[in-house]
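Hi everyone, thanks for coming. Have a look at the screen, and I'll walk you through it.

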Amino acid sequence: MRMRKIYLDWPSLAERGLSVAEEVSPGLFEPRSIVVVGMGGSGILGDYLEALAYNKVPVYTVKSPHLPGWVGDRDLVLAVSYSGNTLETLRCVEQVLSRGSPVVVITSGGRLGRLAEERRLPLVRLVEGIPPRTALPEMLFSALRVLENTGVHIAEPRDYEEALSLMRTAASRDYGRLVEHLSTGFPIVVTCNSLRALGLRWKNELNENSKLPAKLEVYPEAGHNDIVGWELPPPGDYRFLLVEDAACSHLTSRLAEYYSAVGRVARLAVEGSSLLARLLQGSLVAGLVSVEVGVRRGVDPEETRSISWYKGVLKGILGEPGDR
Ligand code: F6R
């Protein structure tokens, strides 16, 4: 099946990301912040960069047609839309251009690709013809390379190597137990701050590939609100997935006990010493498992017709890019 094959091909997509971005530079050195503009499977790049750059540089992700007022000429904007036709992203890019902020475009084509060519904007051209969400490793590796070209070093060469090697190992494993766990009931992904982006990815992959509603809770914040909602026995069959980082494994063990009282719990410990490797290894597992859950549920993991419907609705409201 095509989706399975694309996920299994992630190590080569990631390697392609490094080479396509080799020469791409925004002509700005050491930006004050990185602003990632994008939606869905493209916008999640911002969440990953935010996690990876946590102790190095502020990363702000804009999943909206409105660019924040403070974005200026010392901030580097990464405008990411796999299709190049997402309205919220195109609207933000219009604002970026009118403010003169340095911008790098990451896309496989569409309107954004044409705009980048017309305006001679630095451009990372992604491989064409795959679902946007499956392009994550190429987007992430190319963005990291672009940032290196601006003097922002987030990952070491050994981190890329580790991520590639753990993705190769993850691709050959059997995830039958997790697939079984998530094939019925309502999935709830629980994780801690360091893996928030991965938790979000799991939720989104269960939505898009498995056609399941899903919820994400992130600790420590969830310990200050969400946890109270489980005090009475809840209606329904809840399937907790605890995505576990070594940094919070003690807490995860206690949470596993807590959630066992109200639903079924599976734990998934991500592998890798670098955060880059842990995020990508965990994302590949999310992709492969969510595709198999979709197959078990009798749906086509690839198609996302509700997103097409929503994009049509939005076009009716916002109009074509360039309209006002
Ligand atoms: C579909 C997917 C979606 C899209 C989103 C934005 O695979 O992942 O979440 O990413 O609708 O579209 P693009 O990525 O083309 O800007």
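When I say helix or strand, I mean DSSP runs, H or I of at least four residues for helices and E of at least two for strands, numbered from the N terminus. With that, α3 (40–52) and α12 (305–318) each supply at least two residues of the shell around the ligand. The largest share, 3 residues, comes from α3.

A bit of housekeeping: this is a predicted model, so local features need pLDDT of at least 70 and side-chain atom pairs pLDDT 80 or more, while totals for chains, interfaces and linings use all residues. Numbering starts from 1 along each chain as its sequence is written, and side-chain values use heavy atoms, with hydrogens and water left out.

So which residues are closest to the ligand? They're S42, S81, S83, T86 and R133, out of 14 that surround the ligand, counting a residue if one of its heavy atoms lies within 4 Å.

Now some polar contacts, meaning pairs of N or O atoms within 3.5 Å. The side chain of S42 puts an N or O atom 2.5 Å from a ligand oxygen. For R133, a side-chain N or O atom is also 2.5 Å from an oxygen of the ligand. S81 has a polar side-chain atom 2.6 Å from a ligand oxygen. Taken alone, the ligand exposes 400 Å², and the protein buries 95% of that (areas by Shrake-Rupley with a 1.4 Å probe).

Zooming out, the protein chain has 12 helices and 9 strands. Its C-alpha atoms fill a box of roughly 55 × 45 × 40 Å along the principal axes. That's it from me!

Note on methods:
Polar contact = N/O pair within 3.5 Å; in protein donor to acceptor, adjacent residues only side chain to side chain.
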